[in-house]
Amino acid sequence: MNKRLALPNGVQAALLISFDVDAETMWTSKDPRNADRPAVLSHGRYDIEVGLPLILDMLDRNELCATFFVPGWVADNHPAAIEQLHARGHEIAHHGYLHDGMHGADRAYELEVIRQGITALEKITGTRPLGYRSPMYEINLHTWDLLRDEGFLYSSNMMDSIWPYLHDGGPQPLVELPVQWMLDDGPYYLVSNHPPNHRQVYASDTVVGIWTDEFRGMHPLGGVMTLTLHPQITGRPSRLAALERVIDNARSYANVWLPTHGELAKACLGGADD
Ligand SMILES: [Zn+2]
């Protein structure tokens, strides 16, 4: 069984804030014909033009560093925007190359895509990424081996826990920082024509209520609440204001830590030998 990892001493619960900077790849990976649909692609352009600058200012205002999962294509095509994230102290982590789903990918192809993504991010940061989140959280049975071989410290893809844990097997430790669709902004706010995706647009109050209730329940359990956000979704002014309410709420509890994913994975591993 996977080994649950304790939070570092003095930390009762953690809130992890992550942004998946999918930009245009959110749309081209859903349907290649979207490359010829400027209005559909403009959802993705919002990431770069408006979402990221507003998010960076919000994080500065709240004295926070976050983790940005960036597809390699986005780093290659919008290097100035991604360099800005790195320059302002945020963590850059791996989110595929073209943002295409890896479900059913064979080992050799998945390794090739992972390496393409590493190369693109290394050009920005000068170092290999510590963390991996697959597009749409789609992984395969061989993915853990590939991540270990490529020197990753953590994955943030699984929905089987509220605590960080150590993946079984392999010589090097691989930490899981669990996620949940309920803690992803997409299911509440994302609407599109291509593909047709006409969900109800949730009021921010509803989402703040779900996320603050989750944290309220998580805190006594000593868990980790991972928010998976997107600049083109949560980068809207109203949604960003709602996120600040979630951050303020988490900080009203005792002994709460809001680290980057990499900081938490390293800190949890520090206590892994006991
Ligand atoms: Zn994504």
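**Note on the predicted model: zinc site, cysteines, rings and polar contacts**

1. Start at Thr67. Its side chain comes within reach of the backbone nitrogen of His261, at 2.9 Å. The model is predicted, and every value here should be read that way. Thr67 also has a side-chain partner: a polar contact joins its side chain to that of Glu91, at 2.9 Å. The residue belongs to strand S3. Buried or exposed? Thr67 is buried, with a relative accessible area of 0%.

2. His90 comes next. The residue sits in the loop between helix H4 (79-87) and S4. A polar atom of the His90 side chain lies 3.0 Å from the backbone nitrogen of Ala66. The relative accessible area of His90 is 5%, so the residue is buried.

3. Now the metal. Which residues coordinate the zinc ion? Asp22 does so through two entries labelled OD, and His95 and His99 each do so through NE2. The distances run from 2.1 to 2.5 Å. Along the chain, the donors are spaced as D-x72-H-x3-H. Asp22 and His95 are 73 residues apart, and the pair links distant parts of the chain. Asp22 is in the loop between strand S2 (13-20) and helix H1 (25-28). His95 is in the loop between strand S4 (91-94) and helix H5 (107-125).

4. What is the geometry of the zinc site? The site is irregular, with angles of 52 to 134° among its 4 donor atoms. Why not tetrahedral? A tetrahedral site needs all angles between 85 and 135 degrees, and the range here starts at 52°. For reference, the ideal angle for four tetrahedral donors is 109.5 degrees. One caution for anyone setting up this site: water is not among the atoms, so sites may look incomplete.

5. How accessible are the zinc ligands? Asp22 has a relative accessible area of 2% and is buried. His95 is buried too, at 1%.

6. How many disulfides are there? Searching the whole structure gives 0. Take Cys65: the closest cysteine sulfur is in Cys268, 18 Å away, which is too far for a bond. A disulfide would need the two sulfur atoms within 2.5 Å. Cys65 is partly exposed, with a relative accessible area of 33%. Cys268 is likewise in no disulfide, and its nearest cysteine sulfur is that of Cys65. Cys268 is buried, at 1% relative accessible area.

7. On to the rings. The structure contains 7 aromatic pairs. One of them joins Phe19 and Phe68: the ring centres are 5.3 Å apart and the planes meet at 20°, so the pair is stacked. The cut-off for stacked is under 30 degrees. Phe19 is in strand S2 and Phe68 is in strand S3 (residues 67-70), so this pair ties together parts that are 49 residues apart in sequence. Phe19 is buried, at 0% relative accessible area. Phe68 is buried, also with a value of 0%.

8. Tyr188 and Trp211 make an edge-to-face pair, with 6.0 Å between centres and 75° between planes. Here too, distant parts of the chain are linked: Tyr188 is in helix H7 (residues 186-189) and Trp211 in helix H8 (residues 204-221), 23 residues apart. Both Tyr188 and Trp211 are buried. Which residues form the ring cluster? Ring pairs connect Tyr188, Tyr189, Tyr202 and Trp211.

9. Two charges over rings deserve a look. The charged end of Arg133 is placed over the ring of Phe69, 4.2 Å from the ring centre. The charged end of Lys30 is placed over the ring of Trp27, at 5.9 Å from the centre. The distance cut-off is 6 Å, and the Lys30 value is 5.9 Å.

10. Last, Thr226. The residue is located in strand S11 (residues 224-229). Its relative accessibility is 0%, so Thr226 counts as buried. How far is Thr226 from Asn140? Their C-alpha atoms are separated by 21 Å, and the two residues are 86 residues apart along the chain.

Conventions:
Residues numbered from 1 in each chain as written. Predicted model: local features only at pLDDT ≥ 70, side-chain atom pairs only at ≥ 80, totals over all residues. Heavy atoms only, no water. Donors = N, O, S within 2.8 Å, 3.2 Å for Na, K, Ca; no water. Tetrahedral: all angles 85-135°; square planar, octahedral: opposite > 155°, others 65-115°. Helix = DSSP H or I, 4+ residues; strand = E, 2+ residues; numbered from the N terminus. Buried < 20%, exposed > 50% of the residue type's maximum accessible area, 1.4 Å probe, protein only. Phe/Tyr/Trp six-rings, centres within 6.5 Å; stacked < 30°, edge-to-face > 60°. Lys NZ or Arg CZ within 6 Å of the ring centre and 35° of its normal. Polar contact = N/O pair within 3.5 Å; in protein donor to acceptor, adjacent residues only side chain to side chain.
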